[in-house]
Amino acid sequence: MKAIILVGGEGTRLRPLTYSTVKAMVPVLNKPFIEHVIRYLNKHDIHDIVLAMGYKPDSIMGYFGDAHGLGARLVYSMEESPLGTAGAVKNAEKHIDDTFFVLNGDIFTDIDLTDMLKFHRQKKSKLTIALTPVDDPTHFGVVETDADHRIIRFVEKPSKEEVTTNRINAGVYILEPEILQRIPQATFCMFERQVFPALVAEDEPAFGYHTDAYWIDTGTPAKYLQLTRDLMYGKSCHITFQSHCIEVHPRSTIHPGAKLNGPVLIDKDCDIGKGVHLKGPAVIGPGCTLEDGSIIENCILWHNVKVGRGAILRDCIVAGDNHIEDNSRIEGTAINNKAMAKKG
Ligand code: GDD
Ligand code: MG
């Protein structure tokens with residue numbers, strides 16, 4: 001079984017957090033986001049993975065190569081310019097020979113892909129879309145189904161008036177290869193705005209797979225913080241972190257006078273100074289220095305972040321190579337790679 005992961009497009013960066021890191025490489029518990037997705041697919045016996053990329057592939061390719069170390073066979077399908085979700089899949093057509101999965105590359109989920117495939121086959125479906133409930137469907141694709149789970153309506157980013165259900169497109173699809181014939185070659189085309197509504201209008205067998213499994217679209221800094229918090233409190237069955245857990249890489253040093261309240265994860269080559277208070281959930285990337293008396297609460301620090309003496313950081317994401325000045329007070333902010341944090 002093969003899967004195509006969509007990791008391109010305009011929204012590929014987690015703005016305003018970072019200008020130089022693609023969303024797929026944003027660290028989640030100190031591992032690139034996409035690594036979690038690859039491991040998740042592997043668990044469902046999906047090892048042949050195509051990354052459909054519309055933008056700056058070098059960092060991903062450099063890190064993963066063919067990903068055999070992860071137990072996967074990873075190939076890269078490149079677009080010269082973004083072709084849209086369906087156009088990107090069409091562009092990867094040569095890798096497809098049978099029923100296949102497509103995943104939006106910015107979602108983290110526990111959806112049972114094995115069960116979803118069983119459902120797809122039972123229904124003799126040509127397109128199966130995983131459906132998840134959300135509070136505000138206007139940011140997503142709303143999917144209406146009948147009593148037999150057949151899709152009767154698909155509306156992308158509906159207005160409030162158009163919302164008839166809180167079940168939305170979770171960004172996980174199973175497709176039959178014949179769907180590819182509907183997508184024009186080398187042309188911008190979206191599943192959500194063109195292909196799916198057309199399939200429904202033509203009464204093709206398209207079904208919705210309802211699930212309440214853990215699911216989150218990580219497209220904003222707030223959602224990214226939430227994902228980290230959720231994972232550290234054990235909300236996903238793929239990560240075994242415990243809320244009281246404090247995990248420190250053996251190459252890092254913690255001053256005996258520092259105080260750590262879990263869940264806390266500290267990567268290699270970090271230096272945690274005297275009187276530092278780390279209040280979980282907190283993830284500290286490799287090479288970080290937390291100077292004496294700093295307080296860090298509900299934060300994600302990427303690589304080589306230096307937090308000055310007495311600085312207080314709450315609900316923050318700090319991208320790599322930043323220096324937070326002594327005695328700064330920063331709350332609820334995402335600090336990108338370019339900006340240097342000023343005294344607050
Ligand atoms: N390769 C490639 N090329 N990938 C693309 C392109 C493209 O031109 N355009 C978008 N993508 C990828 C994005 O990187 C992302 O992983 C995925 O397709 C979805 O694009 P987003 O920009 O994140 O869309 P969204 O979050 O607003 O909406 C989509 O996801 C929702 C669920 O999170 C839609 O599929 C909605 O219907 C859905 O509910
Ligand atoms: Mg998205």
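Visitor: Which residues line the largest cavity?

Guide: H36, V37, Y40, L103, I107, F108, T109 and H238 do. Bear in mind that this is a predicted model, where local features need pLDDT of at least 70 and side-chain atom pairs count only at pLDDT 80 or more. Residues are numbered from 1 along each chain as its sequence is written, and side-chain values use heavy atoms.

Visitor: What makes them lining residues?

Guide: Each has an atom within 4 Å of a cavity point, meaning a point on a 1 Å grid where a 1.4 Å probe fits but cannot get out. About 60 Å³ of space lies in this largest cavity, a volume being the space filled by probe spheres set on the points.

Visitor: Why is the F108 and Y214 pair called edge-to-face?

Guide: Rings of Phe, Tyr and Trp (its six-membered ring) pair if their centres lie within 6.5 Å, and planes over 60 degrees apart count as edge-to-face. F108 and Y214 sit 6.3 Å centre to centre with 70 degrees between the planes, so the name fits.

Visitor: And what makes Y173 and F196 an edge-to-face pair?

Guide: Their centres are 4.9 Å apart and their planes 75 degrees, so both cut-offs are met. Y173 lies in strand β11 and F196 in helix α5, so the pair ties together parts 23 residues apart in sequence.

Visitor: Why is A334 called partly exposed?

Guide: Its relative accessible area is 22%. Buried means under 20% and exposed over 50% (1.4 Å probe, protein chains only), so A334 falls in between.

Note on methods
Chains lettered and ligands numbered in written order. 1 Å grid on protein atoms, 1.4 Å probe; cavity = no way out; pocket = protein on both sides within 12 Å on 5 of 7 lines; lining within 4 Å. Phe/Tyr/Trp six-rings, centres within 6.5 Å; stacked < 30°, edge-to-face > 60°. Helix = DSSP H or I, 4+ residues; strand = E, 2+ residues; numbered from the N terminus.
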